[in-house]
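Biologist: I would like a close look at one part of this model, namely how its helices pack, with enough of the surroundings to place what I see. Please take me through it slowly and in connected prose.

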Amino acid sequence: MSVATSAPVNAECSSWQEMAEQVLEGRAISRDDALRILKSKDEELLAILDAAYRVRHQYFGKSVQLYYLKNAKSGLCPEDCNYCSQSKISDAPIERYAMLNAERLMEGARKAAESRARTYCIVASGRGPSDREVDHVAGVVRQIKEKYGLHICCCLGLLEPDQALRLKAAGVDRVNHNLNTSERYHPEICTTHTFRDRLETLSICRDAGLELCAGMIVGMGEVHDDVVDVAMKLAELNVESIPVNFLHAIDGTPLQSQHQLDPRFCLKVLAMFRLTNPKAELRVAGGREVNLRSMQAMALYPANSMFVSDYLTTPGQKAEEDFRMIGDLGFQITAGDYESSKLLELWKVPHEKTCAAESPSGGCCG
Ligand code: SF4
């Protein structure tokens, strides 16, 4: 994608392309430049995406990594995160169940492999897991690794050091624990734990040798500075993976009436995250379908990964539509380790049904 650029007004960088070049030379963009992306006019959007795509392409080419979520324990959470349908203050009509047994978690792993996901995310509601829950998850992870070879990311809430070590020993690759919002705005969305608690869990996981996945939820009433705060903090923490969620306001939660996002702003947010965290996996995560709508595909110019299939308590776009979108972009899915021809056949059937006509090649909790 190549788009003519115009200079951002009063920018430290004289153009969006200069910003990309600065990043590719290994120099971080300034906070003012990051803010400037979020405040830019819609007329600048293609030029901004072009700059972000240069950086994305440098580190990830045309690859797209897919993640598959399994809500291993739903609802029943004593915390009061305002955005969450599983919290004690939510009236949302969701399923509520305790930790799934090994058979159900293995079933989720099979679906993840069939969906060509590289990473299986095991997510449990709650403030943090009991030791028994950690041991249960650790036991299942050993089986999943042996049978499917999937990368495993666990999102179990606040962790103690010995719990993180036990997960690592079982083969867990990564832990997700989102910052969700800035330190300044955090008390507005949650009072039962603090931003510092969240940082502490990330630090514990890093010390245990686990990779970090941490991101945010945009659209909860925060201001642009808060979004930049999170991006800068994640760059400082050097996290490997950043899921950017766009609030899907769920009836029955305190944020049910919060609808402040439009697709163009969502794309600017993703571009800003790419330019502030150039080497991190950047995932367009929850709320993709409802907030980006007809512009979903463009999210993959700055982002290099996405969830496939459903989210924790809301449905996602069908996997075959995601595959078609990726194919239409000319991008390729980074295959998982479990790639038996049988599973690829399972994917081809629905894909070819929807694609053949157009393509001659057959074309947290957190
Ligand atoms: S985000 Fe996690 S900790 Fe917060 S209410 Fe939801 S399940 Fe509980």
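**Helix packing and its surroundings**

Modeller: Arg-104 is partly exposed, having 13 other C-beta atoms within 10 Å, and its place is in helix α4, which covers residues 102-114. Please keep in mind that this is a predicted model. Although Arg-104 and Lys-70 are 34 residues apart along the chain, their C-alpha atoms are separated by 9.5 Å.

From there we can turn to the chain as a whole, which contains 13 helices and 10 strands and in which 49% of the 366 residues count as buried. In soluble globular proteins, nonpolar side chains tend to be buried together. Here the largest nonpolar core has 105 residues, and those with the most contacts inside it are Tyr-120, Cys-154, Val-175, Val-244, Leu-270 and Leu-275. Helix α10, residues 263-276, supplies the largest share of this core, with 9 residues. To see what one of these core residues meets, take Leu-270: leaving aside residues up to four places away in sequence, Leu-270 touches Val-244, Leu-282, Val-284, Ala-299, Pro-302 and Ala-303.

Now to the helix pairs themselves. Two packed helices are described by the angle between their axes and the distance between the axes. For helix α5 (residues 131-148) and helix α6 (residues 161-170), the axes come within 8 Å and cross at roughly 15°; an angle under 35 degrees counts as roughly parallel, and α5 and α6 are therefore roughly parallel to each other. The crossing of this pair, α5 and α6, is right-handed. On the α5 side the contact involves Asp-131, Val-134, Asp-135, Ala-138, Val-141 and Arg-142, which meet Gln-163, Arg-166, Leu-167 and Ala-170 in α6. Sorted by character, the residues of this contact of α5 with α6 divide into 5 nonpolar, 1 polar and 4 charged.

The second pair joins helix α2 (residues 31-39) and helix α9 (residues 224-237), whose axes come within 10 Å and cross at roughly 130°, which makes α2 oblique to α9. The crossing of α2 with α9 is right-handed. From α2 the contact draws on Arg-31, Ala-34, Leu-35, Leu-38 and Lys-39, while α9 contributes His-224, Asp-225, Val-227, Val-228, Ala-231 and Met-232. In the contact of α2 with α9 there are 7 nonpolar residues, 1 polar residue and 3 charged residues.

Two positions in loops also deserve attention when you inspect the backbone. Most residues other than glycine have a negative phi, and most peptide bonds are trans. Leu-76, which is not a glycine, nevertheless has a positive phi of about 60°; this residue, Leu-76, lies in the loop between β1 (63-73) and α4, and with 13 C-beta neighbours inside 10 Å it counts as partly exposed. Asn-180, again a residue other than glycine, has a positive phi near 75°, and its place is the loop between β4 (174-176) and α7 (186-189). Because a residue with 20 or more C-beta neighbours within 10 Å is taken as buried, Asn-180, with 25 of them inside that distance, counts as buried.

How values were computed: Residues are numbered from 1 along each chain as its sequence is written. This is a predicted model: local features need pLDDT of at least 70, side-chain atom pairs count only at pLDDT 80 or more; totals for chains, interfaces and linings use all residues. Helices (H or I, at least four residues) and strands (E, at least two) are DSSP runs, numbered from the N terminus. A residue is buried if 20 or more other C-beta atoms lie within 10 Å of its own, exposed if 12 or fewer, and partly exposed in between; C-beta atoms are placed from the backbone. A nonpolar core is a set of buried Ala, Val, Leu, Ile, Met, Phe, Trp, Tyr and Cys residues joined through C-beta atoms within 7 Å. Two residues are in contact if their C-beta atoms, placed from the backbone, lie within 7 Å. Axes are lines fitted to C-alpha atoms, for helices over the stretch in contact, and angles run from 0 to 180 degrees between N-to-C directions. Angles under 35 degrees count as roughly parallel, over 145 as roughly antiparallel, 65 to 115 as roughly perpendicular and the rest as oblique. A crossing is left-handed if the near helix is turned anticlockwise from the far one by less than a right angle, and right-handed if clockwise. Ala, Val, Leu, Ile, Met, Phe, Trp, Tyr, Cys and Pro count as nonpolar, Asp, Glu, Lys and Arg as charged, and the others, Gly among them, as polar.
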